[in-house]
Amino acid sequence: MPYQKREFPNKFADLPKEEKIGLLRTMIRIRSFETRVEELFLNRKIPGFVHLYIGEEAIASGVMANLAKSDWITSTHRGHGHAIAKGAQINRMMAELFGKKTGYCKGKGGSMHIADFSIGMLGANGVVGGGYNIAVGAGMSSIIKKSGQVAACFFGDGASNRGTFHEALNLAAVWKLPVLFVNENNQWASTTPVSYATSVARIADRAKSYGIEGYTIDGNNVIEVYNAAAALVEAARKGKGPALLECVTYRIKGHFVGDPEKYRTREEVQKHFTENDPIKRYITYLEEKGVIDEAGVEAIEADAVREVAEGEKFAEESPYPEKEDAYNDLFSFSPNEFPEVVK
Ligand SMILES: Cc1ncc(C[n+]2csc(CCOP(=O)(O)OP(=O)(O)O)c2C)c(N)n1
């Protein structure tokens, strides 16, 4: 099925060299974090569950480069890349993954609950499709406060089949909310291929049902993502309402670290990674255009590895949360309010 093409203005071309390199730096920082997290998880340093974003870095990087710190995002269970691109601190993220007190949720949330409202990151989410209505709420607050903030809502292809998708897109369209719905179509929802569980060939086609614009782009081309997000974020900020942007990519790693991946072949994965790694593709482009050379790329990679290693050290050396704090920071109830429940 051919993509529903629209030529977005080439805003990327006007970026200063440093910002073009900045897109690469963000992608490499995400890749370094994820690569090390995978190793640490396999070495039993990280408890719980970890879903990796490797191969999808162009989407978070390209969208976030168009958002201000005060703009909002909602994320998914595969949220490390979104958090990093929105400005989260690697050391506090790593501490959270380790379950340490210095982490974003004081070590009590883990990978799927990283949030930092101060940078507009409204949270990763263990509930598939759990971010839609939070993003709609953020968009509504922007209208009420006339703040000009935009919300970007990231979600997977599987998540586009949830009922919350319909509610959120409809409401956002009716109220013309400044929300960009960013679909990360990595072609798999856990063990289910997108073609098996999705009624349309292109997820962007669903935009028509809500009377909003919907486009499909190559999510492994950071320039394409940047240009599409630039146009749609700007339109949302100007009061034109929501849009749906489907970014086609591929999940290179298992659904979670440790996934036996019986549902697809090694060859399929290898083919995608060899031919379509968004980082390799962008490096090739930048080198060909003379924006960066090999030494420049190596320096960025070395910085990223160092930053992640420092984060790991910080996490290792941080204490675990106190037992006494187990019931603090909960929304549902506090043991002080309901001592009989705790007893
Ligand atoms: C409401 C809900 N249903 C089911 C699950 C179990 N689950 C976790 S991830 C996942 C697949 C999600 O696929 P997709 O939205 O395409 O995101 P991807 O994992 O490919 O990034 C499922 C079914 C869940 N966490 N929440």
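Helices, of at least four residues, and strands, of at least two, are DSSP runs that are numbered from the N terminus. By that numbering, glutamine 187 is found in the loop between β3 and β4 (188-189). The model described here is a predicted one, and it includes an open sheet of five strands, helices that pack on that sheet, and a ligand surrounded by 16 residues.

**Loop residues with positive phi**
- Most residues other than glycine have a negative phi.
- Glutamine 187, although not a glycine, has a positive phi of about 75°, and it counts as partly exposed because it has 16 C-beta neighbours inside 10 Å, a number between the limit for exposed residues (12 or fewer) and that for buried ones (20 or more).
- Arginine 44 is likewise not a glycine and has a positive phi, here of about 60°; this residue sits in the loop between α1 and α2 (57-64).
- Because arginine 44 has 7 C-beta neighbours inside 10 Å, it counts as exposed.

**The sheet and the helices on it**
- The five strands of the open sheet follow the order β1-β2-β3-β7-β6, and their pairing is parallel.
- At the edges are β1 (72-74) and β6 (213-218), each of which pairs on one side only, while the twist from one strand to the next averages 20°.
- Strand β2 (residues 151-156) pairs with strand β3 (residues 179-185) in the parallel sense over six bridges, and alanine 151 has valine 179 in β3 as its bridge partner.
- Helix α5 (residues 132-145) packs on the sheet, where it touches β1, β2 and β3, and its direction makes about 170° with that of β2.
- Helix α8 (residues 222-237) lies across β3, β6 and β7 (243-248), and it runs at about 170° to β7.

**Helix α11**
- Helix α11 (residues 294-317) has 24 residues, which at 1.5 Å a residue should span 34 Å, and the distance of 35 Å between its end C-alpha atoms agrees with that expectation.
- The buried residues in α11 are Ile300, Ala304, Val308, Gly311, Glu312 and Ala315.
- In an α-helix, residues three or four places apart point the same way, because there are 3.6 residues a turn.
- The cover over the buried residues of α11 includes α1 (17-42) and α4 (90-98).

**Surroundings of the ligand**
- Of the 16 residues that surround the ligand, the closest are Val128, Gly156, Gly158, Ala159 and Ala189.
- Sorted by class, the shell around the ligand holds five nonpolar, eight polar and three charged residues.

Definitions and conventions
Residues are numbered from 1 along each chain as its sequence is written. This is a predicted model: local features need pLDDT of at least 70, side-chain atom pairs count only at pLDDT 80 or more; totals for chains, interfaces and linings use all residues. The expected span of a helix is 1.5 Å times one less than its number of residues. Two residues are in contact if their C-beta atoms, placed from the backbone, lie within 7 Å. A residue is near a molecule or strand if its C-beta atom, placed from the backbone, lies within 6 Å of it. Ala, Val, Leu, Ile, Met, Phe, Trp, Tyr, Cys and Pro count as nonpolar, Asp, Glu, Lys and Arg as charged, and the others, Gly among them, as polar. Two strands pair if DSSP finds at least two bridges between them. Axes are lines fitted to C-alpha atoms, for helices over the stretch in contact, and angles run from 0 to 180 degrees between N-to-C directions.
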